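Here are some notes to read with the model open beside you. Take the points one at a time, and find each residue on screen before moving on.

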Amino acid sequence: MSAAHTLEASYGKQSVPVFKVLKDPSGQHDVLDMVVQLMLRGDVSLSWTEGNNSQIVPTETQKNTCYAIALQHHFTSPEEYAIILGTDLLERHRHLQSVTIDITARRWKRWQPDGKPHNHVFTSSPEPVRTTCHVVVSRDGPPAVRSGLCSFRLMKTTASGFAGFIKDKYTDLQPVGEGSSNPDRIMCTEMTASWDYRRGAKVADYAKTNAAVGHLLVDRFAGPAPTGVFSKSLQETVYRMATDTLAEFPDINTVELITPNVHFYPFEASKFGLSNPNVVFRSTEPDTTASGRIYTKLIRGGSKL
């Protein structure tokens, strides 16, 4: 009797911490602090349907492979490491069709006392910006590489408004901007950003390119120093960030920005006979307070919206 279902099976190892010190002959060190997840796909279904594990590369073996590949190869970014790791697994296990690798990386900042870079001392905040990469290595073509960052807070304390929105019988939000009683607001978000490289793109240095993308995103959020540019909405701002990323980086095909609002509510000082010229606020956290969530994705060659 034929099965009345279709099996989609994959397996792998998650939460593999891989920390590598890159030691330059000059004596300067760099660090890559990664957490790796692998998922293997291919001719592996017998373990599910028959309990036959002859097609299975044990997840503990996968974990050991993560460390062995990190030891035996030189790389300067999680993307390079993921491509090398996935390629190794496909070359040694011909029954596998693809390896999907997701990596988050903690950022460490070189200590620079009096502006002089230290060779081997680094600092990291308790809640650092984390970089991400998602790499699929398959037999169907070049690796698919997605890079990004998360937990990235951006804030401007002025030059932001929000007005002209729909008002219905349940609307109590007051407009902010020129001509309103409140001409100004804090605009803040905790951004998760990702960008897909064109398959087959010859990226010489993922770390440098990703750093440049991150710099551009912040630059477009801010506008030219020192006064910046007025933001009519977070939507308008992130759209400019995404379009300029595609314009500046031809090897990037897709940009995705998830930007929840981090709200700051002005302290209502008037009920105490005080004036608050937008200097004291009640801060919030997007994970624990109802907040707006803005999703923006641009695809090169696609429609505007």
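**Notes on a predicted model**

1. Let us begin where two helices touch. From α4, the residues Val213, Leu216, Leu217, Arg220 and Phe221 meet Leu234, Thr237, Arg240, Met241, Asp244, Thr245 and Glu248 of α5. Sorted by class, the residues of this contact of α4 with α5 are 6 nonpolar, 2 polar and 4 charged. Please keep in mind throughout that this is a predicted model.

2. Now look at how these helices are placed. The axes of α4 and α5 come within 9 Å, and they cross at roughly 140 degrees. The crossing of α4 with α5 is right-handed.

3. Next, step back to the whole chain. It has 305 residues, of which 36% count as buried. The chain holds 5 helices and 12 strands, and its C-alpha trace spans about 75 × 65 × 40 Å along the principal axes. Among contacts with a separation of 6 or more, 66% are between residues 24 or more positions apart.

4. Helix α4 deserves a closer look. This helix covers residues 206–222, which is 17 residues, and its span from first C-alpha to last is 24 Å, close to the 24 Å expected at 1.5 Å a residue. Which residues of α4 are buried? They are Tyr206, Asn210, Val213, Gly214, Leu216, Leu217 and Phe221. These buried residues lie on the same side of α4 because they cover an arc of only 155 degrees around the axis. Lys208 and His215, on the other side of α4, are exposed.

5. A general idea helps here. An α-helix has 3.6 residues a turn, so residues three or four places apart point the same way. Try tracing this on screen with the buried residues of α4, among them Val213 and Leu217.

6. What do the buried residues of α4 pack against? Their partners are α3, β7 (141–156), β8 (187–197), α5 (234–248) and β9 (252–260). You have already met α5, where Leu234 and Met241 are among the residues that meet α4.

7. Helix α2 can be read in the same manner. It has 14 residues and reaches 20 Å from its first C-alpha to its last, close to the 20 Å expected at 1.5 Å a residue. Gln62, Thr65, Cys66, Ile69 and Ala70 are the buried residues of α2. Their arc around the axis is only 125 degrees, and therefore they sit on the same side of α2. Leu71 and Gln72 are exposed on the other side of α2. The elements that cover the buried residues of α2 include β1 (11–23), β2 (29–42) and α3.

8. Stay with α2 and follow it to α3. The axes of α2 (residues 59–72) and α3 (residues 78–92) come within 10 Å and cross at roughly 115 degrees. This crossing of α2 and α3 is right-handed. On the α2 side, Thr65, Cys66, Tyr67, Ile69 and Ala70 make the contact, and on the α3 side Tyr81, Ile84, Leu85, Asp88, Leu89 and Arg92 do so. By class, the contact of α2 with α3 has 8 nonpolar residues, 1 polar and 2 charged.

9. The loop between α4 and α5 is worth a visit. Serine 231 is placed in this loop. Is serine 231 buried or exposed? Serine 231 has a relative accessible area of 0%, so this residue is buried. Leaving out residues up to four places away in sequence, serine 231 touches Lys156, Ala159, Ser160, Gly161, Met187, Glu236, Thr237 and Arg240. Proline 226 is also found in the loop between α4 and α5, and a cis peptide bond with omega of about 5 degrees joins alanine 225 to proline 226.

10. Finally, check some backbone angles. Most residues other than glycine have a negative phi, and most peptide bonds are trans. Aspartate 114 is not a glycine, yet its phi is positive, at about 55 degrees. Aspartate 114 lies in the loop between β4 (109–110) and β5 (122–123), and it is exposed, with a relative accessible area of 86%. Asparagine 278 also has a positive phi, near 60 degrees. Asparagine 278 is in the loop between β10 (264–266) and β11 (281–283), and at 22% relative accessibility it counts as partly exposed.

How values were computed: Residues numbered from 1 in each chain as written. Predicted model: local features only at pLDDT ≥ 70, side-chain atom pairs only at ≥ 80, totals over all residues. Heavy atoms only, no water. Axes fitted to C-alpha atoms, helices over the stretch in contact; angles between N-to-C directions. Helix = DSSP H or I, 4+ residues; strand = E, 2+ residues; numbered from the N terminus. Left-handed = near helix turned anticlockwise from the far one by under 90°. Contact = heavy atoms within 4.5 Å. Nonpolar A, V, L, I, M, F, W, Y, C, P; charged D, E, K, R; others polar. Expected span 1.5 Å × (residues − 1). Buried < 20%, exposed > 50% of the residue type's maximum accessible area, 1.4 Å probe, protein only. Arc of directions from axis to C-beta.
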